[in-house]
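Colleague: Please take one part of this structure and go through it closely, in connected steps that a first-year student could follow. I should like to see how its pieces fit together.

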Amino acid sequence: MARRWLVYLLLPLMLLAVAISSLLSGATDLASLDQSRDFVLWDYRFPRILIALMAGAGLGIAGALIQGVIRNPLAAPDVIGITQGAGLAATALLVIFPQIAFGWLVLAATAGGMVAALLVWKLAWRYRAEPARLALIGIALGTWLAALTDWLLVSHPLDINAALVWLTGSLWGRGWEHVWLLLPGLILLIPVAMQMAYRLDLLALGDEVAEGLGIGVTRTRQLALLVAVLLSAISVAVCGTLSFVGLVAPHLARLLVGAEHRRMLPVAAGVGAMLVLVADMLARTLAPPLELPAGVLTALIGAPYFLFLLTRYKGW
């Protein structure tokens, strides 16, 4: 109990400390600026910090929902192909219509993520996949979708600049207009996810037990998966591919506060926000004036952790 409250206290303080550090650090030294200092702080760095916090929180909760629905600790938006589906749809739109409004990109990514999730779900039920094999189905589908994305990029070499920046996972060029795209979705979806916490706990006991306690298992799974896909898609649409955030954040949250969803979901949001915020700060500060893709840094953290989980998982 004491450790949980310590986590609830320290995590927001750590987020605040990292946010302040990110606000004050970057390729441009604030001390050397005069009239443009306010622009750098409030029109460039501050909205990026908010976007990193919101996208990371969305991906963290999405990963927790997917793992709860599938009852598989290896599941995550980018592991079961949702991110790749969103990426393929958004890339196709960027390649065909390079100057299209950003709002259409959000809609395309959402549709692509939902189609990918439905394909994984259909294949899993058709072949009665075990939990670990469900992750393998998602990995296979995600690899196929990523290959289609690569084909699009290779076949349209003159129109891929915007798509490449987006696919690597970057907050470069993001501003207040992107904050307003993310914020309404999170305000609507995160409360829905929190209200499902009790039903997700019952799902963990097994379908028969959950149904015996009055929970509509299929409806709960469908709603949780829908919320997870929407959270993933809007985050990916704004920030591009931020790999493994949705996998790592729920695991760390369980280690910190346990598996009960009403406690774990807020911590998963906080851990996901921390991962993306730190990745974006490092992306801006490791090799100035060059900016590294934040998605590369999240992958460097998440891929070894995924391999570690594979070695420990006993569901094969």
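Modeller: A helix here is a DSSP run of H or I of at least four residues, and helices are numbered from the N terminus. With that term in place, the part I have chosen is the surroundings of helix H11, in what is a predicted model. Directly after H11 comes Gly258, which has a positive phi near 95 degrees.

The setting is the protein chain, which has 13 helices and 0 strands. Of its 316 residues, 51% count as buried. Among contacts between residues at least 6 apart in sequence, 76% join residues at least 24 apart.

H11 itself covers residues 245-257, which makes 13 residues. From its first C-alpha to its last it reaches 18 Å, close to the 18 Å expected at 1.5 Å a residue. Its buried residues are Val245, Gly246, Leu247, Val248, Ala249, Pro250, His251, Ala253 and Val257.

On the other side of H11, the loop between H10 and H11 contains Phe244. Phe244 is not a glycine, yet its phi is positive, at about 70 degrees. Its relative accessibility is 16%, and because buried means under 20%, Phe244 counts as buried.

From the start of H11 we can step across to H2. Val245 is among the residues touched by Gly56, together with Ala269, Gly272, Ala273 and Val276, when residues up to four places away in sequence are not counted. Gly56 belongs to helix H2, residues 37-70, and is buried because its relative accessibility is 0%. Gly56 also shows how the chain returns to itself: Leu275 is 219 residues away in sequence, but the two C-alpha atoms are 6.9 Å apart.

The partner of H2 is helix H12, residues 261-285, with the two axes 7 Å apart and an angle of about 140 degrees between them. H2 and H12 are therefore oblique to each other, and their crossing is right-handed. H2 contributes residues including Arg45, Ala52, Gly56 and Gly60, while those from H12 include Ala269, Gly272, Ala273 and Asp280. Sorted by class, this contact has 14 nonpolar, 5 polar and 4 charged residues.

Let us now go back to H10, before the loop. Helix H10 spans residues 217-239 and packs with helix H7, residues 176-195, at an angle of about 165 degrees, their axes 10 Å apart. This angle makes H7 roughly antiparallel to H10, and the crossing is left-handed. From H7 come His178, Leu182, Gly185, Leu186, Leu189, Ile190, Val192 and Ala193; they meet Val227, Leu230, Leu231, Ile234, Ser235 and Val238 of H10. The contact of H7 with H10 divides into 11 nonpolar residues, 3 polar and no charged.

Two of those H10 residues, Leu230 and Ile234, also appear in the surroundings of Thr110. Leaving aside neighbours within four places in sequence, Thr110 is in contact with Val229, Leu230, Ala233 and Ile234. Thr110 lies in helix H4, residues 102-126, and is buried because its relative accessible area is 12%.

Drawn together, the path runs from H7, which packs with H10, through the loop that holds Phe244, into H11 with its buried residues. From Val245, contact leads to Gly56, one of the residues of H2 that meet H12.

Definitions and conventions: Residues are numbered from 1 along each chain as its sequence is written. This is a predicted model: local features need pLDDT of at least 70, side-chain atom pairs count only at pLDDT 80 or more; totals for chains, interfaces and linings use all residues. Side-chain values use heavy atoms; hydrogens and water are left out. Axes are lines fitted to C-alpha atoms, for helices over the stretch in contact, and angles run from 0 to 180 degrees between N-to-C directions. Helices (H or I, at least four residues) and strands (E, at least two) are DSSP runs, numbered from the N terminus. Angles under 35 degrees count as roughly parallel, over 145 as roughly antiparallel, 65 to 115 as roughly perpendicular and the rest as oblique. A crossing is left-handed if the near helix is turned anticlockwise from the far one by less than a right angle, and right-handed if clockwise. Contact means heavy atoms within 4.5 Å. Ala, Val, Leu, Ile, Met, Phe, Trp, Tyr, Cys and Pro count as nonpolar, Asp, Glu, Lys and Arg as charged, and the others, Gly among them, as polar. Buried means under 20% relative accessible area, exposed over 50%, partly exposed in between (1.4 Å probe, protein chains only). The expected span of a helix is 1.5 Å times one less than its number of residues.
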